[in-house]
Amino acid sequence: MKLPIIAIAATITLASGIGVASAADSRAMSKTSTQPAMQSMAKNSPSMAKDSLSLTRSQQRIAWRDLSKQATSQTAPTNFTAAVGATIPGDIALRSVPAKVAARVSSLKPYDYARLQDKLLIVNPGDKKIVDVIHRRA
């Protein structure tokens, strides 16, 4: 009589262990499978913009060619110097980087931009800080 009870107890213990392991594996799999989707959503979010940006010369040329055509040249306000780290004054109009340009230079996707005469300002939309200044002859 003891043998069947032990066998039943062992089966229940084994089955519950498999269930716990399976549940843990399912949780791990669901976290892993949602990470790419979450990363993709985060890339589309302005919050992914940082206060630094490092573009190659080739990327700067593409950005100048494509964005300067679309942006109206603005005059810098008095006492404003367009430099990396400076905060954009409220009277400078910013535009989002268009999808076509972001497709060519993906690192520009979360940023805004403005054109001041011969300078293209790349701006973090979250804190309005200039992250890159691209000159006409980039």
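A residue counts as buried when its relative accessible area is under 20%. In this predicted model, Asp66 has a relative accessibility of 9% and therefore counts as buried. Arg65, at 41% relative accessibility, falls between the limits of 20% and 50%, so Arg65 counts as partly exposed. The two residues are joined by a salt bridge, in which the closest N and O atoms are 3.1 Å apart.

Asp66 also takes part in a salt bridge with Arg104, with an N to O distance of 2.7 Å. This pair connects distant parts of the chain, since Asp66 belongs to helix 2 and Arg104 to helix 3 (residues 99-104), with their positions 38 residues apart in sequence. Through shared partners, Arg65, Asp66 and Arg104 form one network of salt bridges. The search of the whole structure gives 2 salt bridges.

The protein chain as a whole contains 3 helices and 5 strands. Their order along the sequence is α-α-β-β-α-β-β-β. The chain has 138 residues, and 30% of them count as buried. When contacts with a separation of 6 or more are considered, 61% are made by residues 24 or more positions apart. The exposed area of the protein chain is about 9100 Å², of which carbon and sulfur atoms supply 59%.

The largest nonpolar core has 19 residues, and the members that touch the most other members are Leu67, Leu108, Leu120 and Ile122. Two or more residues of this core come from each of helix 2, helix 3, strand 4 (119-123) and strand 5. Helix 2 gives the largest share, with 4 residues. Beyond its neighbours within four places in sequence, Leu67 is in contact with Val97, Pro98, Val101, Leu108, Tyr113, Leu120 and Ile122. Another core lies apart from this one and has 11 residues, including Phe80, Ala82, Ile88 and Ile130.

Asp132 is located in strand 5, which spans residues 130-135. Asp132 is buried but has no salt bridge. For a salt bridge, a side-chain nitrogen of Lys or Arg must lie within 4 Å of a carboxyl oxygen of Asp or Glu. The nearest side chain of opposite charge to Asp132 is that of Arg57, at 10 Å. When residues up to four places away in sequence are left out, Asp132 touches Leu53, Leu55, Gln60, Val84, Leu120, Leu121 and Ile122. Two of these contacts, Leu120 and Ile122, are also in contact with Leu67.

Ala71 occupies the loop between helix 2 (57-70) and strand 1 (73-74). Its relative accessible area is 11%, and Ala71 is therefore buried. Outside the residues up to four places away in sequence, Ala71 touches Arg95, Tyr113 and Arg115. One of these, Tyr113, is likewise among the contacts of Leu67. Ala71 and Leu116 are separated by 45 residues in sequence, while their C-alpha atoms are 9.2 Å apart in space.

Definitions and conventions:
Residues are numbered from 1 along each chain as its sequence is written. This is a predicted model: local features need pLDDT of at least 70, side-chain atom pairs count only at pLDDT 80 or more; totals for chains, interfaces and linings use all residues. Side-chain values use heavy atoms; hydrogens and water are left out. Buried means under 20% relative accessible area, exposed over 50%, partly exposed in between (1.4 Å probe, protein chains only). Contact means heavy atoms within 4.5 Å. Accessible areas come from the Shrake-Rupley method with a 1.4 Å probe; for residues, only the protein chains shown count as cover. Lys and Arg count as positive and Asp and Glu as negative; His and the chain ends are not counted. A nonpolar core is a set of buried Ala, Val, Leu, Ile, Met, Phe, Trp, Tyr and Cys residues joined through side-chain atoms within 4.5 Å.
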